[in-house]
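The exercises below are meant to be worked with the sequence and the model side by side. Please try each task before reading its solution.

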Amino acid sequence: MSGVRVEPLTFVQRVAGRERVLKPWLREALVGYLFLMPWIIGFLFFIAGPMLCSLGVSLFSTDFMTKTEFVGLYWYKGLLFVDSLARKALLNTAYYSFFMVPLSSILALSLAVLLNQGIKLQGLWRTIYYLPSVVSGVAISLLWLWLYQPEIGLINALLLKVGIMGPRWIYSERWAMPSLIIMAVWGSGSAMLIYLAGLRGIPTALYEAAELDGAGPFSRFWNITIPMLTPTILFNVVMNTIGSFQVFTQAYIMTGGGPNNATLTMVLYIYRKGFQGSQFGYASALAWALFVVILGFSLVAIRSARYWVFYAGE
Amino acid sequence: MTTIVDIQRIRIRLPALTLRVLLYIVVLVGAVVFAIPFVWMVRTAIMPPWQIYLFPPQWIPERIELHNFAEPFKAWPFGRWYMNSALLVVLNATGTVLSGSLAGFTLARLRFPGRDFFFLVILATMMLPGQVRLIPTYLLFTRLHWVNTFMPLFVPAWFGPAFDIFLLRQFFMTIHRELDDAARIDGCGYFGLYWRIALPLSLPALGVVAIFNFTFNWNDFMGPLIYLGDVRKYTVALGLRLLQGQLYTDLQAVMSAAVLSLLPVLIVFFLAQRHFVQGIVITGVKG
């Protein structure tokens, strides 16, 4: 790889040596490409190359050790029509996303609006609500395992106090996925911060004008706050959905995909097939299927933007 | 006259006051719900074992047992994992700040054919799920004999991660160009503009990138899970997984380890809270 890096450098150095004969725009352009070179190399080796490669690998049946056999679209047909686990993984992921994204968006927006009412100690509240989203990962999964413990865990203990027999949470086929969703909604704080910043960006003159026209608080919220926030909402929902389709750590640590595959997510399935089962072809096909789903969703969201997103500048 | 006005005021104020009280109650209750898991984690870590399992749940430890925090270091190479995580975090943050700022500067400041196209590609790669390239990347790193080393976990950061390029480009766009022009007149080259003008002016934004990067890599699980095999090379996040088997038999030790693993992130968060908020504002709103 070092050869690739050195070449353009010496080239530009050569060019730079003849600085006077170079037109300024050409010089600027050459420097621009040179400065972008690390990213271009990274893009080729770590993004574009691997992506194309994985598309190729998905057409083979291979463990990269003993056998490699061209199978065409076999894996894609398999994951669409034959492999019920693949379908289940996709449905589980969609289920997670379908509930997690709206719930966390509504919660984040409501919290932002509440904290934006000129409340005292705003910094303190903001910190408390934001903190869970900073500390994701394994430690938090272990913590929630303990919270969800059916017999002596905190959640069921508190429920019992108010006379409710709590479910078995992550050990119940029905409640395992909702458990992961609740945990994810707990981490909505970073979206809340984005909404808070968006709320601050709305010119107060708009509210004053609306008040003069006799608009009540509800009407002002619905006709000013929400439209002015739609770009922020779009950004949040798209990023959150992309992230939610890639849910892995919680499922891996807390349920291992169980019970009865109720929390088998796409990425967990890809991990199992690729890194535990050495079916690299199938894992690549699954990854591409996930990619297409995410891409499709993102395109729909961005395309639909012109119907519901309000850009103040236009 | 005055009495009428007063009555009106009271009429207006009463519902406003109840609303206000209601607002504080809602915010407070919400904050308690958000904070309880942390409190529960800490209380489990410092409570005598017999008290942990009592019903109804106990909140105040009979006595505080800080010796639990030494357990992870005795039973596992926890100190080693800490050092590994710290090393990776530093290497990642340095690489990301340098390569991200160089590309961000270029996209914000220089003019050249194809610049907007490059920017679009970078935006698009932000939305790519990493899993699509997981397997070929793994194969590439296997060929390079990088598996079971730290290389796969920090080298890509030195080649301009898309999100950070985007964030810094947005920030550089807000710096006035007059300084650039002045520096040019004084004979400053393009690299000088980047190194001597843009970077010093954007220390807060670079801090944001470093901090985001720090929390992400400290928490990262999948990367180490795939690439690290040797227990002594584990990161804290990966090492914690080994403790999972003891969750219900030795809750204290596991929760102590969890608290210890979160500590660096929490400390950085409290020290640099303003940067977190600022970073989110740059990416989320101006995007």
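**Exercise 1. Determine what percentage of the residues in chain B are buried, and describe how chain B is built and spread out.**

Buried residues make up 41% of the 287 residues in chain B, where a residue is buried if 20 or more other C-beta atoms lie within 10 Å of its own, exposed if 12 or fewer, and partly exposed in between, with C-beta atoms placed from the backbone. This is a predicted model, in which local features need pLDDT of at least 70 and side-chain atom pairs count only at pLDDT 80 or more, while totals for chains, interfaces and linings use all residues. Residues are numbered from 1 along each chain as its sequence is written, and chains are lettered from A, with ligands numbered from 1, in the order in which they are written.

Next, take the secondary structure: chain B has 15 helices and 0 strands, both being DSSP runs numbered from the N terminus (helices are H or I with at least four residues, strands are E with at least two). The radius of gyration of chain B is 26 Å, well over the 19 Å from the globule rule for 287 residues, so chain B is more spread out than a compact globule; the radius is taken over C-alpha atoms, and the rule is 2.2 Å times the number of residues to the power 0.38. Along the principal axes, the C-alpha atoms of chain B fill a box of roughly 80 × 70 × 35 Å.

**Exercise 2. Explain why helix H13 of chain B is described as largely enclosed by the rest of the structure.**

Begin by counting: 6 of the 8 residues of helix H13 (residues 236–243) of chain B are buried, so the helix is largely enclosed by the rest of the structure. These buried residues are Val236(B), Ala237(B), Leu238(B), Gly239(B), Leu240(B) and Leu243(B).

Then ask what covers them: the cover includes helix H6 (138–148) of chain A, together with H4 (78–109), H11 (203–219), H12 (222–227) and H14 (251–271) of chain B. Leu240(B) is also among the residues touched by Ala258(B), as are Ala139(A), Leu142(A), Leu143(A) and Met41(B), not counting residues up to four places away in sequence; two residues are in contact if their C-beta atoms, placed from the backbone, lie within 7 Å.

**Exercise 3. Describe the surroundings of Phe172(B).**

Phe172(B) lies in helix H8 (residues 162–173) of chain B and is buried, with 21 other C-beta atoms within 10 Å. Leaving out residues up to four places away in sequence, Phe172(B) touches Gly104(B), Phe105(B), Ala108(B), Arg109(B), Ala198(B) and Ser202(B). Of these partners, Arg109(B) is 63 residues away along the chain, yet its C-alpha atom and that of Phe172(B) are separated by 7.6 Å.

**Exercise 4. Work out how many residues each chain gives to the contact between chains A and B, and which classes they belong to on the side of chain A.**

The contact takes 72 residues from chain A and 67 residues from chain B. Helix H2 (residues 24–57) of chain A provides the largest share of the chain A side, 18 residues. That side has 54 nonpolar, 16 polar and 2 charged residues, where Ala, Val, Leu, Ile, Met, Phe, Trp, Tyr, Cys and Pro count as nonpolar, Asp, Glu, Lys and Arg as charged, and the others, Gly among them, as polar.
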